[in-house]
Amino acid sequence: MPTAPFPAPRAAAASSGHTVAIDIGGTKIAGALVHPDGTMTATTRRPTPRGVDGDGVMAAVAEVVAELSESPLWASAVRCGIGSAGPVDASRGTVSPVNIGAWREFPVQERVVAELAAHGADLPTVLAGDGVAMTAAEHWLGAARGHANALCMVVSTGVGGGLILNNQLHPGPTGNAGHIGHISVAFDGEPCVCGSRGCVESIASGTAIARWALDQGWKPSDTGSNAPSGTAGAGGDATAAGVAAAAAAGDPIALAAFDRAGRALAAAIAATATLVETDIAVIGGGVAAAGDTLFAPIRRHLAAYATLSFVKDVQVVPAVLGTHAGLIGAAAAATMLLPSSSS
């Protein structure tokens with residue numbers, strides 16, 4: 001079903017034709033044809049295969065491309081954008097998603113280009129990590145629209161992000177610029193999975209929030225909400241969502257877990273704003289669904305970190321595109337990063 005139309009990205013203001021958008025994640029592989037005005041048609045999706053090898057996962061991507069090719073609008077496609085869970089290496093066109101174990105340095109861009117050609121579409125193609133794609137989407141249609149310099153973040157199982165600088169998407173040479181999750185904000189912090197120490201992700205990801213709360217003695221209730229700490233409930237929600245529900249009900253450990261996460265995010269947002277003069281931070285992802293439980297401590301701590309005159313007014317707002325961000329972002333990234341002559 002088409003979404004509502006929106007103005008095209010600045011880089012595509014004069015372009016025509018559609019963008020093939022492919023969104024690859026740990027649970028689903030989705031595709032759409034995205035119009036220059038932002039509407040999506042011919043949307044399709046497949047579950048991400050489990051228990052298969054790399055080619056088995058790619059087979060689902062090929063099915064998505066094949067279904068898109070059946071659209072009467074297929075012949076008007078002029079570019080393709082692939083958004084994928086990371087790590088990604090856009091310079092090589094490869095991905096090694098943490099949540100897709102069968103893909104390690106998998107040449108997804110080359111394989112997608114081959115599938116497009118097999119269906120009569122020899123298209124210039126861009127690969128972007130999901131954080132960069134979300135950034136492109138929120139700048140085009142979402143909460144960062146109208147801001148020339150923005151940081152956009154995904155706070156979920158991990159913490160990723162991307163940058164808009166001077167109205168341009170800035171993915172960096174390998175597509176990983178803006179990866180705020182691996183900025184260290186705790187000099188003596190615990191080791192991070194990346195090999196560093198005290199990273200934002202090791203404090204503020206949904207996984208880290210839940211782990212810290214449990215380590216401090218928090219016990220999930222049956223409802224995931226208002227049981228006091230130290231009272232276990234069978235089958236309670238031990239995820240960040242359960243911690244958020246407990247925090248909303250006033251649980252002190254749950255509140256402390258989100259305060260700790262908010263402080264880490266605030267420090268990283270302030271550092272980024274100081275470095276490149278971003279004036280807005282847009283936060284999406286599952287943990288952002290906690291609303292003020294997350295945003296209130298971020299904003300409170302930000303006042304203590306963003307003190308210089310050129311960063312003290314940085315805004316922190318929730319992302320608005322939700323589940324559409326992956327496909328919209330893949331299309332927006334392709335439009336912004338490919339030469340305009342390709343259209």
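This briefing walks through a strand, two helices and some charged pairs in the structure above. Keep in mind that the model is predicted. We begin with strand β1, where 7 of 7 residues are buried, then visit helix α3, where 11 of 12 residues are buried. After that come the salt bridges, of which the structure holds 9, and finally Glu-201, a buried residue that has no salt bridge.

**Strand β1 and its partners**

- Let's start with strand β1, which covers residues 18-24 and is mostly covered, with 7 of its 7 residues buried.
- Which residues sit on each face of β1? His-18, Val-20, Ile-22 and Ile-24 are on one side, while Thr-19, Ala-21 and Asp-23 are on the other, and all of them are buried.
- Strand β4 (residues 77-84) runs parallel to β1, and 7 bridges join the two. If you would like to find a pair in the viewer, look for His-18, whose bridge partner in β4 is Ala-77.
- Strand β2 (residues 28-34) runs antiparallel to β1, joined to it by 6 bridges. Here you can look for Thr-19, whose bridge partner in β2 is Val-34.
- β1 and β2 also form a hairpin, and 3 residues lie between them.

**Helix α3**

- Helix α3 takes in residues 130-141, and here is a small calculation to follow: at 1.5 Å a residue, its 12 residues should span 16 Å. The C-alpha atoms at its ends are 16 Å apart, which agrees with that expectation.
- This helix is mostly covered, as 11 of its 12 residues are buried.
- Among the buried residues of α3 are Val-132, Met-134, Trp-140 and Leu-141, and the list also includes Glu-138 and His-139.

**Salt bridges**

- How many salt bridges does the structure hold? There are 9 of them, and three are described here one by one.
- The side chains of Arg-46 and Glu-67 meet in a salt bridge, at 2.9 Å from N to O. This pair links distant parts of the chain, with Arg-46 in strand β3 (residues 40-47) and Glu-67 in helix α1 (residues 54-69), 21 residues apart.
- Arg-46 has a relative accessible area of 22%, so this residue is partly exposed. Glu-67 counts as partly exposed too, because its relative accessibility is 31%.
- Arg-92 forms a salt bridge with Glu-105, and their closest N and O atoms are 3.7 Å apart. Both residues lie in loops: Arg-92 between β5 and β6, and Glu-105 between β6 and α2, with 13 residues separating the pair.
- Glu-190 forms a salt bridge with Arg-260, where the closest N and O atoms are 4.0 Å apart. Glu-190 lies in the loop between β10 and α4 and Arg-260 in helix α7 (residues 252-276), so the pair ties together parts that are 70 residues apart in sequence.
- Glu-190 is partly exposed, with a relative accessible area of 34%, and Arg-260 is also partly exposed, at 25%.
- Arg-46, Glu-63 and Glu-67 are joined into one network by salt bridges that share partners.

**Glu-201, a buried charge**

- Glu-201 lies in helix α4, which covers residues 201-204.
- How far away is the nearest side chain of opposite charge to Glu-201? That side chain belongs to Arg-211 and is 8.7 Å away, and Glu-201 is buried yet has no salt bridge.
- What does Glu-201 contact, leaving aside its neighbours within four places in sequence? Its contacts are Gly-158, Val-159, Gly-181, His-182, Val-193 and Ala-208.

Technical notes. Residues numbered from 1 in each chain as written. Predicted model: local features only at pLDDT ≥ 70, side-chain atom pairs only at ≥ 80, totals over all residues. Heavy atoms only, no water. Buried < 20%, exposed > 50% of the residue type's maximum accessible area, 1.4 Å probe, protein only. Helix = DSSP H or I, 4+ residues; strand = E, 2+ residues; numbered from the N terminus. Pairing = 2+ DSSP bridges. Lys, Arg positive; Asp, Glu negative; His and termini not counted. Contact = heavy atoms within 4.5 Å. Expected span 1.5 Å × (residues − 1).
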